[in-house]
Amino acid sequence: MAIQRTFSIIKPDATKRNLTGKIIAKFEEAGLRVVASKRIHMTREQAEGFYAVHKERPFFGELVDFMISEPVVVQVLEGEDAIAKNREVMGATNPAEAAPGTIRKEFALSIGENSVHGSDAAETAAEEIKFFFKDEEIVG
Ligand code: UDP
């Protein structure tokens, strides 16, 4: 498998509970390298744009309100098979269904407040990285 880059967000429920370091440790332990990182407070426009694919879903309004409720940490993770590896370390969307040892199993509060976002495919990873980072902000 080739070296890939993926996009990650440490979500408001996790930054609020001071879990940033513990979550980054999970990425690093899995062999994912943080090659870009910044703490931001997302605007409503950014959150709506980022999650536009979900705009018809019943949870959209709640999801946007949640994502702008506290700062987040947006990151680019790099490593072998990084997209799938990150999804594995994150665990299932619903923490009740997440495997032991995953971030969502250990830290998530609910299906909505689930501590992390991670790209699900190569095209979305490229789009999501571009949404938040300029090329020069990524240092591999
Ligand atoms: N979400 C929610 N309720 C649901 C499903 C999803 O609030 O019933 C939120 C949750 O924060 C999730 C995000 O919407 O992480 C995006 O959903 P997706 O199905 O893409 O899950 P993910 O890729 O984050 O595992």
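User: In this predicted model, which residues is His117 in contact with, leaving aside its neighbours within four places in sequence?
Analyst: Contact here means heavy atoms within 4.5 Å. With neighbours within four places in sequence left aside, the residues in contact with His117 are Phe7, Ser8, Ile9, Lys11, Phe50, Tyr51, Asn86, Met90 and Glu128.

User: Is His117 buried or exposed?
Analyst: His117 lies in strand S4, residues 116-118, and an unreviewed UniProt entry lists His117 under "active site". A residue counts as buried under 20% relative accessible area. The relative accessible area of His117 is 12%, so His117 is buried.

User: Which residues surround the ligand?
Analyst: Lys11, which is in contact with His117, is also one of the residues around the ligand. The full set is Lys11, His54, Phe59, Leu63, Arg87, Thr93, Arg104, Ile111, Gly112 and Asn114.

User: How many Å separate an oxygen atom of the ligand from an N or O atom in the side chain of Thr93?
Analyst: Polar contacts to ligand oxygen atoms include one from a polar side-chain atom of Lys11 at 2.9 Å and one from the side chain of Arg104 at 3.0 Å. For the side chain of Thr93, the distance from its N or O atom to a ligand oxygen is 2.6 Å.

User: What percentage of the ligand's accessible area does the protein cover?
Analyst: On its own, the ligand has 500 Å² of accessible area. The share of this area covered by the protein is 79%.

User: Where on helix H4 do the buried residues fall?
Analyst: Helix H4 spans residues 60-67, and Phe60, Leu63, Val64, Phe66 and Met67 are buried in it. Seen down the axis of H4, these residues fall within an arc of 160 degrees, so they line one face of the helix.

User: What covers the buried residues of H4?
Analyst: One of these buried residues, Leu63, is also among the residues surrounding the ligand. The cover over the buried residues of H4 includes strand S1 (3-10), helix H1 (12-16), helix H3 (44-50) and strand S3 (72-80).

User: Which backbone oxygen does the side chain of Thr15 reach at 2.6 Å?
Analyst: Thr15 is found in helix H1 and is buried, with a relative accessible area of 8%. A polar atom of its side chain lies 3.3 Å from the backbone oxygen of Pro12. Beyond four places in sequence, Thr15 touches Ile10, Thr20, Arg39, Glu70, Pro71, Val72 and Val73. The backbone oxygen reached at 2.6 Å is that of Pro71.

Notes
Residues are numbered from 1 along each chain as its sequence is written. This is a predicted model: local features need pLDDT of at least 70, side-chain atom pairs count only at pLDDT 80 or more; totals for chains, interfaces and linings use all residues. Side-chain values use heavy atoms; hydrogens and water are left out. UniProt positions are given in the numbering used here, feature names are shortened, and annotations may be inferred rather than shown by experiment. Helices (H or I, at least four residues) and strands (E, at least two) are DSSP runs, numbered from the N terminus. Buried means under 20% relative accessible area, exposed over 50%, partly exposed in between (1.4 Å probe, protein chains only). A residue is near a molecule or strand if one of its heavy atoms lies within 4 Å of it. A polar contact is a pair of N or O atoms within 3.5 Å; within protein, one must be able to donate a hydrogen and the other to accept it, and residues adjacent in sequence count only if both atoms are side-chain atoms. Accessible areas come from the Shrake-Rupley method with a 1.4 Å probe; for residues, only the protein chains shown count as cover. The arc is that of the directions from the helix axis to the C-beta atoms.
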